[in-house]
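Reader: I would enjoy walking through this model with you, one question at a time. Could we look at it together?

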Amino acid sequence: MEYSSQEIQLLTQVLPNIAAQFRTALGNMQAALKTGDDPDSCILRQSYYRLLRIVTNLTDAYMLTEEEPLPKQDTELVEFFDDLCRQAQVPLELCGLTLRADLRPRHLTAGIHREYTTRIFWNLISNAAKFTPAGGEIRVTLTQQGSQILLQVADNGCGIAPELQDTVYDRILHTERMDPLPHGLGLGLPLSRCFARRQGGNLLLHSEAGKGTVVTVALPVQHCGASSVQDIPFQYAGGFQPVMMELADALSHKCYLEKYLD
């Protein structure tokens with residue numbers, strides 16, 4: 001999408017610079033977190049992971065203004081997404097949600113950027129969990145249609161009101177439509193679409209208020225001939241559990257017992 005010069009400055013300079021100010025503090029916070037599973041400890045851990053997720057998205061905001069393709073590596077996608085679904089199972093159960101996975105191809109190999117495709121997956125799962133009440137269901141399907149891989153995450157939650165759907169990809173620029181805490185800044189979905197497009201694909205959303213939301217990620221079925229790409233450096237000191245970071249806005253603080261962070 002087209003951004004004004006002021007919006008480009010916000011995304012490429014202001015937001016990443018704000019993120020940079022938090023990095024040292026986050027590292028110190030993680031090192032100082034006390035052990036134990038009392039409510040205060042769990043709340044502090046969840047707050048740490050929420051901040052870490054915000055800073056990660058703020059750091060990557062500049063990517064929304066770029067279009068060059070991301071490097072890829074050949075990946076067996078059924079195994080890749082099956083592993084992610086297995087990691088999501090317990091946290092979603094703790095929310096009272098059922099995850100159903102239907103990974104239809106027996107084998108399907110294509111070139112993807114694993115780190116950013118993983119980020120897409122977790123953002124969609126997080127959004128579905130945030131807006132689906134306990135007792136609801138999240139469905140993950142993987143299919144192949146011609147030259148495209150289709151990853152779909154669907155929920156039977158509250159859906160998105162029609163008047164809000166025109167800003168789902170630039171909500172951070174519409175402060176009057178910011179979600180209440182702790183639903184985030186609105187960077188996750190635009191970043192996910194950006195990550196898909198920079199792999200030659202796209203992200204489409206269909207939602208009906210009161211019925212739920214379906215997000216479809218389309219990626220090309222192409223072998224790239226590479227088995228690895230250069231790792232992305234993680235910019236924060238201290239340890240972290242990626243799944244609990246990505247789902248920090250959706251989970252209860254009761255999910256941040258030490259046993260779930262091992």
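Author: Gladly! Helices here are DSSP runs of H or I with at least four residues, strands are runs of E with at least two, and both are numbered from the N terminus. Please keep in mind that this is a predicted model.

Reader: Thanks! With that in hand, in which loop does Gly 96 lie?

Author: Helix 3 covers residues 77-94. Strand 2 spans 98-103. Gly 96 therefore belongs to neither run under the DSSP assignment, and its place is the loop between helix 3 and strand 2.

Reader: Is Gly 96 buried, partly exposed or exposed?

Author: Buried means under 20% relative accessible area and exposed means over 50%, with partly exposed in between. Gly 96 has a relative accessible area of 34%, so the class is partly exposed.

Reader: Which residues does Gly 96 contact, leaving aside its neighbours within four places in sequence?

Author: One stretch of the chain to look at is around Pro 133, which is 37 residues from Gly 96 along the chain, with 7.9 Å between the C-alpha atoms. The contacts of Gly 96, with those neighbours left aside, are Ala 134, Gly 135 and Gly 136.

Reader: Let us move to Gly 135, then. Is Gly 135 buried or exposed?

Author: Gly 135 sits in the loop between helix 4 and strand 4. Not counting residues up to four places away in sequence, Gly 135 touches Gly 96 and Leu 97. Its relative accessibility is 68%, and the cut-off for exposed is over 50%, so Gly 135 counts as exposed.

Reader: How far apart in space are Gly 135 and Asn 156, C-alpha to C-alpha?

Author: Along the sequence, Gly 135 and Asn 156 are 21 residues apart. In space, their C-alpha atoms are separated by 9.9 Å.

Reader: Now for strand 5: is Asp 155 buried or exposed?

Author: Asp 155 lies in strand 5, which runs over residues 148-155. Its contacts, not counting residues up to four places away in sequence, include Ala 128, Thr 132, Lys 211 and Thr 213. With a relative accessible area of 9%, against a cut-off of under 20%, Asp 155 is buried.

Reader: Which backbone nitrogen does the side chain of Asp 155 reach?

Author: A polar contact needs a pair of N or O atoms within 3.5 Å. The side chain of Asp 155 comes to 2.8 Å from its partner, the backbone nitrogen of Gly 157.

Reader: Lovely. What about Thr 117, is that residue buried or exposed?

Author: Thr 117 is in helix 4, residues 114-130. Leaving aside neighbours within four places in sequence, Thr 117 is in contact with Phe 80, Phe 81, Ile 112, Gln 199 and Leu 219. Its relative accessibility is 2%, so Thr 117 counts as buried.

Reader: Which backbone oxygen lies 2.8 Å from a polar atom of the side chain of Thr 117?

Author: The cut-off for a polar contact is 3.5 Å, and the pair at 2.8 Å fits within that cut-off. The backbone oxygen belongs to His 113.

Reader: Turning to helix packing, how many nonpolar residues are in the contact of helix 3 with helix 4?

Author: Helix 3 and helix 4 pack at about 35 degrees, with axes 11 Å apart, and the crossing is right-handed. Phe 80, Phe 81 and Leu 84 are among the helix 3 residues that meet helix 4, where Thr 117, Phe 121 and Trp 122 are among the partners. By class, the contact has 1 charged, 3 polar and 10 nonpolar residues.

Reader: And is the crossing of helix 4 and helix 5 left-handed or right-handed?

Author: Helix 5 spans residues 188-197, and its axis comes within 9 Å of that of helix 4, crossing at roughly 145 degrees. The crossing of helix 4 and helix 5 is left-handed.

Reader: Last one: are helix 1 and helix 2 roughly parallel or antiparallel?

Author: Helix 1 (residues 5-32) and helix 2 (residues 39-59) pack at an angle of about 150 degrees, with their axes 9 Å apart. Residues making the contact include Phe 22 and Leu 26 of helix 1 and Leu 52 and Val 55 of helix 2. The C-alpha atoms of Phe 22 and Val 55 are 7.2 Å apart. Angles over 145 degrees count as roughly antiparallel, so helix 1 and helix 2 are roughly antiparallel.

How values were computed:
Residues are numbered from 1 along each chain as its sequence is written. This is a predicted model: local features need pLDDT of at least 70, side-chain atom pairs count only at pLDDT 80 or more; totals for chains, interfaces and linings use all residues. Side-chain values use heavy atoms; hydrogens and water are left out. Buried means under 20% relative accessible area, exposed over 50%, partly exposed in between (1.4 Å probe, protein chains only). A polar contact is a pair of N or O atoms within 3.5 Å; within protein, one must be able to donate a hydrogen and the other to accept it, and residues adjacent in sequence count only if both atoms are side-chain atoms. Contact means heavy atoms within 4.5 Å. Axes are lines fitted to C-alpha atoms, for helices over the stretch in contact, and angles run from 0 to 180 degrees between N-to-C directions. Angles under 35 degrees count as roughly parallel, over 145 as roughly antiparallel, 65 to 115 as roughly perpendicular and the rest as oblique. A crossing is left-handed if the near helix is turned anticlockwise from the far one by less than a right angle, and right-handed if clockwise. Ala, Val, Leu, Ile, Met, Phe, Trp, Tyr, Cys and Pro count as nonpolar, Asp, Glu, Lys and Arg as charged, and the others, Gly among them, as polar.
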